[in-house]
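Reader: I should like to examine how the descriptive terms applied to this structure are justified. Please set each value against its criterion.

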Amino acid sequence: MSENWVIRNASLHGREGRWNVHIDGQMITDLTPARESDVYSTSDEDARGGLVSRAFVEPHVHPDKSYSLSDLPEGLEASVRSEEDSFARAAQIKAGFTADNVERRALRAFELAASNGVTKLRATADVDTLAGLRGLEGLLRARDRAEHLLDVEIVAFPQEGLSRDPGAAALLEQAIEMGADFIGGWPNVEATRQAQEDHVRTVFDLAQRFDVGVDIHADCFLDTDEQMLEFIADETLRRGFPGRVLASHCVALELYDDATAARVIEKVAAAGITVAVIPLNLADGGPRGLSRPQELLAAGVNVVAGSDNMNDGWYPLGTLNPLDRANMTFFGGSFDGEGDVDTVWDMISGAAWQALGDPAGELRPGLPAELVILDAPTRAAALERPLGGLVTVHRGRVVARRAVRTTWGAAVTNEGSHS
C-alpha cells in the first residue's frame with residue numbers, strides 16, 4: 001500500500017452520506033464527501049458504506065496469562081482445573097511460566113486483538129516471587145514481535161502483594177529498568193488495612209522515583225470491606241499525581257451506600273483517575289460487578305472498558321473483542337438509550353485512547369491513522385454483530401482483515417489474517 005491512500009465510500013459517525021478518509025503516511029489528513037466523479041487508486045480501500053472509526057483500545061488485559069489454561073504442562077492439568085480457588089489456581093499455572101511460553105501465548109493474544117480492531121493495548125505482567133521476571137521478559141519479546149500490528153504498554157504488576165510477597169518490590173524496580181512502562185498494584189490482597197495502605201504508598205514511591213504512571217487494581221470484589229479506591233484517590237492528590245493513575249475493577253463501589261459512593265466518586269474525579277470497568281468479571285461462580293459507570297461518568301471521570309483475563313486460571317473464556325466489551329457494558333451498566341451506544345463506544349475508542357495518553361474524541365484530520373473499517377454502517381449495527389467483518393489500520397497500514405462469509409444471512413465462517 002502506498003504512503004498516500006484513501007478509504008473511500010465510508011460512513012462516518014455523526015455525518016450524513018458517504019465520505020473519503022485521506023491518509024498520508026501515518027496520519028489522517030482529510031475527510032471529504034465521496035462523489036461519483038472521484039478517481040481512486042488501486043491501493044485505495046473501498047469501505048462500501050461501512051463505518052470507519054478510530055481503532056479500538058484495550059486498556060486492561062493480562063496477556064502473560066492468556067491461553068495458559070489450555071497450555072498446561074502434562075500432569076498438572078487435572079489438579080489445576082480441580083482447584084476451586086481462582087487465586088490459587090492462577091498461582092499454580094504461573095509457577096510454570098517461562099519467557100518462551102509467555103512470549104508465544106502473548107503474541108497469539110496480540111494477534112487476536114489486532115484482528116478485532118485493537119491497535120493500542122495495555123498489558124499487565126505479573127512480577128512477583130512466583131513468576132519472577134519471566135512473564136515480563138516474554139511480554140517484552142512479544143511486544144517487539146507485534147509492533148507492526150499494535151502498540152503495547154506494559155504494567156509491572158505485583159499480583160501476590162508486597163507485604164504478602166517479600167521481594168516483589170525489588171522485582172518491580174528491575175521490571176521498570178527492563179522496560180516496563182507502569183507500576184501496578186493490588187493493595188486489597190494484603191492482610192490488614194495498614195498493609196494495604198503501605199502497598200499503595202510503595203506503588204506511588206516507585207512511580208515517582210522512576211517517573212512512570214500508576215495502573216492499579218482496586219476493590220475487585222463485591223465486598224464493602226474493600227475500600228482502597230478512596231485511599232488511592234487521596235494518595236494521588238497528596239502526591240500531585242493527577243491524570244497519571246488508572247484504577248481497574250473498582251466494583252465494591254456498587255455496594256457502598258449512596259452517600260459514601262458519591263464521596264469516593266468525587267475524590268476520584270478530583271484526582272483525575274481513569275476507571276477501567278471490566279464487564280467480563282466472573283469469579284466464585286457469580287458476577288463481581290461493574291462499578292458505577294453512570295455515576296462516575298456524570299462526575300466527569302474518564303471511564304473505559306477492559307477485558308482482564310482470557311483462558312487462564314481466572315477465566316476460562318474471553319474474546320479480546322472490544323465490541324463484545326461495549327455490548328456487555330451497555331447491558332451490565334444499565335444503559336438503555338440510543339445515546340448510550342455512543343457512551344459505551346467511547347469506552348473502547350475515544351475515551352480509551354485518552355486513558356492511554358492519546359487525544360480523545362472522534363475521527364478527524366490530524367489524528368494518527370489508527371482506524372477500523374467495519375462492515376456495518378453504524379455503531380449500533382456494529383455492536384449487534386460483534387463478529388462482523390472488519391479491517392484494522394495501524395500506523396497508516398492495513399494490518400489485519402476479518403472476513404465473514406454468510407449463507408442465507410447467517411454467518412458460517414470467520415476468517416482472519418494479518419499483514
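Author: The model is a predicted one. A suitable place to begin is Asn302, which is found in the loop between α9 (293-298) and β15 (303-305).

Reader: Why is Asn302 called buried?

Author: Buried means under 20% relative accessible area. Asn302 has a relative accessible area of 16%, and therefore counts as buried.

Reader: What makes Ala351 a contact of Asn302?

Author: Contact means heavy atoms within 4.5 Å. Leaving aside neighbours within four places in sequence, Asn302 is in contact with Ala351, and also with Ile273, Thr274, Val275, Gln354 and Ala355. Asn302 and Ala351 are 49 residues apart in sequence, while their C-alpha atoms are 6.6 Å apart in space.

Reader: How do you know that the side chain of Asn302 makes a polar contact with the backbone oxygen of Ala351?

Author: A polar contact requires a pair of N or O atoms within 3.5 Å. The side chain of Asn302 reaches the backbone oxygen of Ala351 at 3.1 Å, and the pair therefore qualifies.

Reader: What makes the phi of Ser291 worth noting?

Author: Most residues other than glycine have a negative phi. Ser291 is not a glycine, yet has a positive phi of about 65°. Ser291 is found in the loop between β14 (286-287) and α9. Its relative accessible area is 6%, so Ser291 is buried under the 20% cut-off.

Reader: Which phi value does Asn311 have, and where is the residue found?

Author: Phi of Asn311 is near 50°, again a positive value in a residue other than glycine. Asn311 is found in the loop between β15 and α10 (322-332). With a relative accessible area of 14%, Asn311 is buried, because the value falls under 20%.

Reader: Why is helix α2 called largely enclosed by the rest of the structure?

Author: Helix α2 covers residues 86-94, and 7 of its 9 residues are buried, so the helix is described as largely enclosed. The buried residues are Ser86, Phe87, Arg89, Ala90, Ala91, Ile93 and Lys94.

Reader: Why is Asp342 called partly exposed?

Author: Partly exposed lies between the limits of 20% and 50%. Asp342, in helix α11 (residues 338-346), has 30% relative accessibility and therefore counts as partly exposed.

Reader: What does Asp342 touch, and how do you know that one of these pairs is a polar contact?

Author: Not counting residues up to four places away in sequence, Asp342 touches His13 and Arg379. The side chains of Asp342 and His13 make a polar contact at 3.3 Å, a value within the 3.5 Å limit. By way of contrast, the C-alpha atoms of Asp342 and Ala131, 211 residues apart along the chain, are separated by 40 Å.

Reader: How do you know that the radius of gyration agrees with a compact globule?

Author: For 419 residues, a compact globule would have a radius of gyration near 22 Å; the protein has 21 Å, which agrees. Along its principal axes, the C-alpha trace spans about 70 × 50 × 40 Å.

Reader: What further values describe the protein as a whole?

Author: The secondary structure comprises 13 helices and 19 strands. Buried residues make up 58% of the 419 residues. Among contacts between residues at least 6 apart in sequence, 74% join residues at least 24 apart. The accessible surface comes to about 16,800 Å², with 49% belonging to carbon and sulfur atoms. There are 39 positive and 65 negative side chains, and the centres of the two sets lie 4 Å apart.

Note on methods: Residues numbered from 1 in each chain as written. Predicted model: local features only at pLDDT ≥ 70, side-chain atom pairs only at ≥ 80, totals over all residues. Heavy atoms only, no water. Helix = DSSP H or I, 4+ residues; strand = E, 2+ residues; numbered from the N terminus. Rg over C-alpha atoms; globule rule 2.2 N^0.38 Å. Buried < 20%, exposed > 50% of the residue type's maximum accessible area, 1.4 Å probe, protein only. Areas by Shrake-Rupley, 256 points an atom, 1.4 Å probe, with all protein chains shown as cover. Lys, Arg positive; Asp, Glu negative; His and termini not counted. Charge placed at Lys NZ, Arg CZ, Asp CG, Glu CD. Polar contact = N/O pair within 3.5 Å; in protein donor to acceptor, adjacent residues only side chain to side chain.
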